[in-house]
Amino acid sequence: MSKKVLILKGDYIGPEIVDEAVKVLKKVDQKFSLGIELEEGLLGGAAYDEVGEPCPEKTLEQGRQSDAILMGSVGGPKWDEVDRDLRPEKGLLKLRSGLELFGNLRPAILYPQLADASSLKPEIVAGLNILIVRELTGGIYFGEPRGIRVLENGEREGYNTYKYCESEIRRIGKVAFEAAMVRDKRVCSVDKANVLEATILWREIMEEVAKDYPEVTLSHMYVDNAAMQLVRAPKQFDVVVTGNMFGDILSDAAAMLTGSIGMLPSASLDKDGKGLYEPCHGSAPDIAGQGVANPLATILSVAMMLRYSLDAPEAADAIEVAVSKVLDMGLRTPDIYTEGTRKVGTSEMGDAVVQCFM
Ligand code: IPM
Ligand code: MG
């Protein structure tokens, strides 16, 4: 049976890294006879330039019709002056919420070959394997009311609403506990329950969800402490579950532990396991067009796609092994380069991963 994958290259380095990931996807498709059909769509600034909005209805429809979506990155200075509701990032948020992709998995795994590329001491990060489970379609990113208004005294005020309802908390909690069941059976729920009511409820519901998973140990941590613990003793974490904004911030911090944000893939799943797969990093306008971006986060996102949405775990394993092999061979894009290794560009890295399947 054929499987449809929608490709959304996006902006700046997006097309460069997605091209490499597609090379790898085509290779595994051939090797494992997966019957994957690719289709392209528009998202972000690329969509705005073409059709005047960052997530056209057509893209949403293409997304609904596919088994999985692979995305590069969106946004950048080119669209700084665009109306705020038409910014590229809004397109990504519309895609996430339009397809109800509420469960965002961001694994921060340190490849031992990259221990020296981390900004932390090798012994602090060696063996690191954290899964950040970020709620992706609620919280302050989507809460209404929101806006920028003029107050009576003529001063402007920006405002957003941080809210979560029980069902939203419960469903992301389940994702985290299910993930923990096949890992080290520990969930740390990150909140700001000493200040924010929305997260007082978050904590309560996490406790309730935990009752269905007696084998899993649940702990709670305030987000400021979690940020500190992530750089102090990151290996204390197994699964971290948190809301949309905290998850955004903590996952960038966790990424750096692994050497570079260029290594961190992600999956955003709906209740049936359909998913959007994208690197955690942004569109890196400063290096776009130079052929130096690290394609590995996107390539590793393809592995997650094969595992979670396309039911092809052997193909997923094969990609992860191939990535490990290219690192063993000493190939490094500039973001993970250290002395004694060999600096390569985006397409050389993609080609090397493909070669490793031979
Ligand atoms: C991420 C990104 C996005 C987010 C941006 C591009 C809207 O930072 O996926 O982490 O904030 O969710
Ligand atoms: Mg982010």
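How much area do domain 1 and domain 2 bury between them, and what percentage of it is on carbon and sulfur atoms? I opened the notebook with this, bearing in mind that I am reading a predicted model.

**Entry 1, the two domains.** I first looked up how the protein is divided, and found domain 1 covering 1–103 + 274–358, with domain 2 covering 129–257. The C-alpha centres of these two domains are 25 Å apart. For the opening question I noted a buried area of about 1000 Å² between domain 1 and domain 2, with 66% of it on carbon and sulfur atoms. On the side of domain 1, I recorded that Leu93, Arg96 and Phe102 supply 53% of the area buried against domain 2, which is more than any other three residues give. Counting by contact, I have ten residues of domain 1 touching 13 residues of domain 2.

**Entry 2, character of the interface.** I then searched across the interface of domain 1 and domain 2 for charged pairs, and the rule returned zero salt bridges there. The corresponding search for polar contacts returned one residue pair, with both residues at pLDDT 80 or more. When I asked which element contributes the largest share of the side of domain 1 that touches domain 2, I arrived at helix α4 (residues 88–98), with four residues. Sorted by class, that side of domain 1 has four nonpolar, two polar and four charged residues.

**Entry 3, ligand 1.** Which residues are around ligand 1? I listed Glu89, Arg96, Arg106, Arg134, Tyr141 and Asp248. Arg96, which I had already written down among the three leading contributors to the area domain 1 buries against domain 2, places a polar side-chain atom 2.7 Å from an oxygen atom of ligand 1. For Arg106 I read 2.8 Å between a polar side-chain atom and an oxygen atom of the ligand, and for Asp248 I likewise read 2.8 Å, from an N or O atom of the side chain to an oxygen atom of ligand 1.

**Entry 4, salt bridges elsewhere.** Extending the search to the whole structure, I obtained 22 salt bridges. I picked out one of them for a closer look, in which the side chains of Lys9 and Asp19 meet with an N to O distance of 2.9 Å. Lys9 belongs to strand β1 (residues 3–10) and Asp19 to helix α1 (residues 14–31), so this pair ties together parts that are ten residues apart in sequence.

**Entry 5, backbone.** I checked the peptide bonds and noted that the one from Glu144 to Pro145 is cis, with omega near 0 degrees; Pro145 is in the loop between β5 (129–135) and β6 (147–150). Glu100, although not a glycine, has a positive phi of about 55 degrees, and I located this residue in the loop between α4 and β4 (103–109). Asp311 is not a glycine either, and its phi is positive at about 55 degrees; I placed Asp311 in the loop between α10 (296–308) and α11 (313–328).

**Entry 6, Gln113.** Where is Gln113 placed? I found Gln113 in the loop between β4 and α5 (122–125). Leaving out residues up to four places away in sequence, I recorded that Gln113 touches Ser324, Leu327, Asp328 and Arg332, and that a polar contact of 2.8 Å joins the side chains of Gln113 and Asp328. I also took the C-alpha separation between Gln113 and Ala233, which is 20 Å for two residues 120 apart along the chain.

Terms used. Residues numbered from 1 in each chain as written. Chains lettered and ligands numbered in written order. Predicted model: local features only at pLDDT ≥ 70, side-chain atom pairs only at ≥ 80, totals over all residues. Heavy atoms only, no water. Domains from an automatic or database assignment. Contact = heavy atoms within 4.5 Å. Buried area = accessible area lost by both parts, 1.4 Å probe. Polar contact = N/O pair within 3.5 Å; in protein donor to acceptor, adjacent residues only side chain to side chain. Helix = DSSP H or I, 4+ residues; strand = E, 2+ residues; numbered from the N terminus. Nonpolar A, V, L, I, M, F, W, Y, C, P; charged D, E, K, R; others polar. Near = heavy atom within 4 Å.
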